[in-house]
Amino acid sequence: MGSDANPLEALYREVILQHYQHPRNKGRMEDAAATIRLTNPSCGDRIELFLKTSPDGRVEGITYEGQGCSISQASASMMTERIRGLSLDEALELAERFHQMLRGDAEAAKDERLGDLVALQGVSKFPVRVKCAALAWEALERSIEQVRSPQS
Ligand code: ZN
């Protein structure tokens with residue numbers, strides 16, 4: 001009644017739901033170079049990220065296991081799709097763009113490298129949800145750190 005749904009928001013909701021219900025790259029990886037497990041206590045989201053790099057320093061494989069709200073899990077699914085094949089520096093660059101978008105940066109949200117991830121830009125209006133969307137990306141950043149300093 002009187003609900004005036006924005007068609008773009010409806011489309012974004014659909015993209016998020018698609019990834020939540022049909023996650024890409026979900027599963028454990030036995031020979032991962034880095035494994036990072038993170039939780040978001042404010043929502044109960046859990047992500048375990050597995051990262052493998054090729055000899056020339058690219059993301060050769062990236063998978064995740066997780067449970068939680070649709071935003072946290074869809075963000076992980078979309079992230080793995082965009083990150084595979086990138087160099088570690090490119091992956092960190094994309095993570096920074098994503099964080100900028102979550103802070104409400106409209107320019108960052110136009111970055112084509114984000115692909116489906118633009119569906120999460122509306123999350124910037126909900127600070128509690130930002131943590132959900134950012135969880136997989138924090139796991140990515142930490143796993144890259146782990147790959148670069150394996151002793152720690
Ligand atoms: Zn959540």
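# A guided tour of the chain and its zinc site

Begin with the whole protein chain in view: among contacts between residues at least 6 apart in sequence, 59% join residues at least 24 apart, where contact means heavy atoms within 4.5 Å. The structure is a predicted model, in which local features need pLDDT of at least 70 and side-chain atom pairs count only at pLDDT 80 or more, while totals for chains, interfaces and linings use all residues. Residues are numbered from 1 along each chain as its sequence is written, and side-chain values use heavy atoms, with hydrogens and water left out.

**The whole chain**

Switch to a cartoon display. The protein chain has five helices and three strands, and their order along the sequence is α-β-β-β-α-α-α-α. Helices (H or I, at least four residues) and strands (E, at least two) are DSSP runs, numbered from the N terminus.

Next, show the C-alpha atoms, which fill a box of roughly 60 × 30 × 25 Å along the principal axes. The radius of gyration of the protein chain is 15 Å, which agrees with the value near 15 Å for a compact globule of 152 residues. This radius is taken over C-alpha atoms, and the globule rule is 2.2 Å times the number of residues to the power 0.38.

Now add the surface. The protein chain exposes about 8300 Å², of which carbon and sulfur atoms supply 49%; accessible areas come from the Shrake-Rupley method with a 1.4 Å probe, and for residues only the protein chains shown count as cover. Of the 152 residues, 43% are buried. Buried means under 20% relative accessible area, exposed over 50%, and partly exposed in between (1.4 Å probe, protein chains only).

**The zinc ion**

Select the zinc ion. Its coordination comes from Cys43 (SG), Asp45 (OD), Asp45 (OD), Cys69 (SG) and Cys132 (SG), at 2.2 to 2.7 Å. Donors are N, O and S atoms within 2.8 Å of the metal (3.2 Å for Na, K and Ca); water is not among the atoms, so sites may look incomplete. Along the chain, the donors of the zinc ion have the spacing C-x1-D-x23-C-x62-C. Compare Cys43, which is partly exposed at a relative accessible area of 31%, with Asp45, which is buried at 0%.

**Helix α2 and the loop after it**

Move to Arg82, in helix α2. Arg82 is partly exposed, because its relative accessibility is 32%. Apart from residues up to four places away in sequence, Arg82 touches Leu94, Glu112, Arg113, Leu114, Gly115 and Leu117.

Select Arg84 next, in the loop between α2 and α3. Arg84 is partly exposed, with 39% relative accessibility. Its C-alpha atom is separated by 5.3 Å from that of Val59, although the two residues are 25 apart along the chain. Beyond its neighbours within four places in sequence, Arg84 is in contact with Asn25, Val59, Glu60, Gly61 and Ile62.

Ser87 lies in the loop between α2 (70–83) and α3 (88–102). Ser87 is buried, since its relative accessible area is 18%. Setting aside neighbours within four places in sequence, Ser87 is in contact with Gly57 and Arg58.

**Asn25**

Finish at Asn25, one of the residues in contact with Arg84. Asn25 is placed in the loop between α1 (7–21) and β1 (34–40) and is partly exposed, at 24% relative accessibility. Asn25 has a positive phi of about 60°, although it is not a glycine. Most residues other than glycine have a negative phi.
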